[in-house]
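Work through the exercises below with the model at hand, trying each task before reading its solution.

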Amino acid sequence: MQTYLPWLDLLRFVACVMVIVNHVNPFERADRIGHNGVGLFFSISGFLIGSILMNARGKPQWMSRFYANRFLRIYPALLMALAFFGILLAAGFNSRTEMWDNFKGNIVYYLTFTAQLSPNSGDPFGIVWTLCVEEYFYLLLPIAFWLFGPRGTAVGLVVLIALTAEPRFHVLPWSENFGIWFILPVNLLSGAVLATLRPTVRDGFPWVGVLGLVVVLANASTGYFEPFGPVMGIVTTLTVWSFAVTRLDLPWSLRPMALAGKWSYGIYLLHLPVCSASLAVCRKLGLSESVPVPYFTAAAVLATIWTAALAGIMYRLVEKPILASRPWVNDRPWARTLVATLQVSLIPVGIVYWLAMGGWK
């Protein structure tokens, strides 16, 4: 496989746009669009993390290196996004005063990737729920690779996918609205299974991926299949496979979107307040919610452009320098051990905090 996969960055950008459309648009269909976009993100993450483990397994200190690298990739940008969001709320960017109170009350849950344990499911920075799901995955998948190897892990993931299809798991005992796939999205699991198969690079246009995107968008419109269930999990993973294995050069017309896709993590973290600001700007320009198509379309376009610009700045100033420090950290056992310990301690610390706050009651 190539070390850089521009078609996957393009896919990331498409997923970002779907999430932004969700958060500028109050209609039910928009919510489905956002969830289907997140399904694409999950399949990409599962495949890339699985591929990293496939390449790293067996090398010296591979687990501690993996955990240290994950911390440096995820945490600094999250801190910056939380600071950005918190400053806006504290400055009165949103008129709902309870949002600032909720944000302060949930800050420990945000910082430990346990927002789903908070009394209000992480409101107002609710998008962190997807990071929580991925962090559990990052914590456990290397252990599975260590215990069972890639083949055993793949078999276990397939069995787990089959078990989640059992109807009794569709609704969680503590939630009437969300099922097991919100905790164990098939997209994430099947993406990791794909990585263990070590797909080879091919010539030709990624037709399967394009067709998969059409299916994802159709499902976002109809809501026929659960975005995180087996059917769409297979569709999004086949889409990732098709885009990952093509050796075809990305057309010049698509390269700006692929570049923005490199900043997709920052776009995801920063887009919520930008969506609100874009809606306000559209109202100032005379657009009205009573004529929804131009209003929400303009807001989505503005939010995408502005968030991509902010994410690009954050990538340049924060993410890129931190990522460049990974060799320094990994070459020093004390630094690697410290950072890896921080990574694996986050979720346990969040659970202890939840218990201390009476979460078991």
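## Exercise 1: the enclosed space

The largest cavity holds about 40 Å³ of space, where a cavity is a set of points on a 1 Å grid over the protein atoms alone at which a 1.4 Å probe fits but cannot get out, and a volume is the space filled by probe spheres set on the points. The model is predicted, so that local features need pLDDT of at least 70 and side-chain atom pairs pLDDT 80 or more, while totals for chains, interfaces and linings use all residues. Residues are numbered from 1 along each chain as its sequence is written, and side-chain values use heavy atoms, without hydrogens and water.

Task: find which helix gives the most to the lining of the largest cavity.

Solution. Begin with the lining residues (an atom within 4 Å of a point), which include Tyr 67, Phe 113, Glu 135 and Gln 343. Next, assign them to helices (DSSP runs of H or I, at least four residues): α5 (128-164) and α13 (333-356) each supply at least two. Finally, α13 gives the most, with 4 residues.

## Exercise 2: the surroundings of Arg 12

Task: determine which side chain is joined to that of Arg 12 by a polar contact of 2.5 Å.

Solution. First locate Arg 12 in helix α1 (residues 6-24). Then look for a polar contact (N or O atoms within 3.5 Å, one able to donate a hydrogen and the other to accept it), and the partner proves to be Asp 9. Beyond neighbours within four places in sequence, Arg 12 is in contact (heavy atoms within 4.5 Å) with residues including Phe 41, Leu 48 and Ser 264.

Notes:
1 Å grid on protein atoms, 1.4 Å probe; cavity = no way out; pocket = protein on both sides within 12 Å on 5 of 7 lines; lining within 4 Å.
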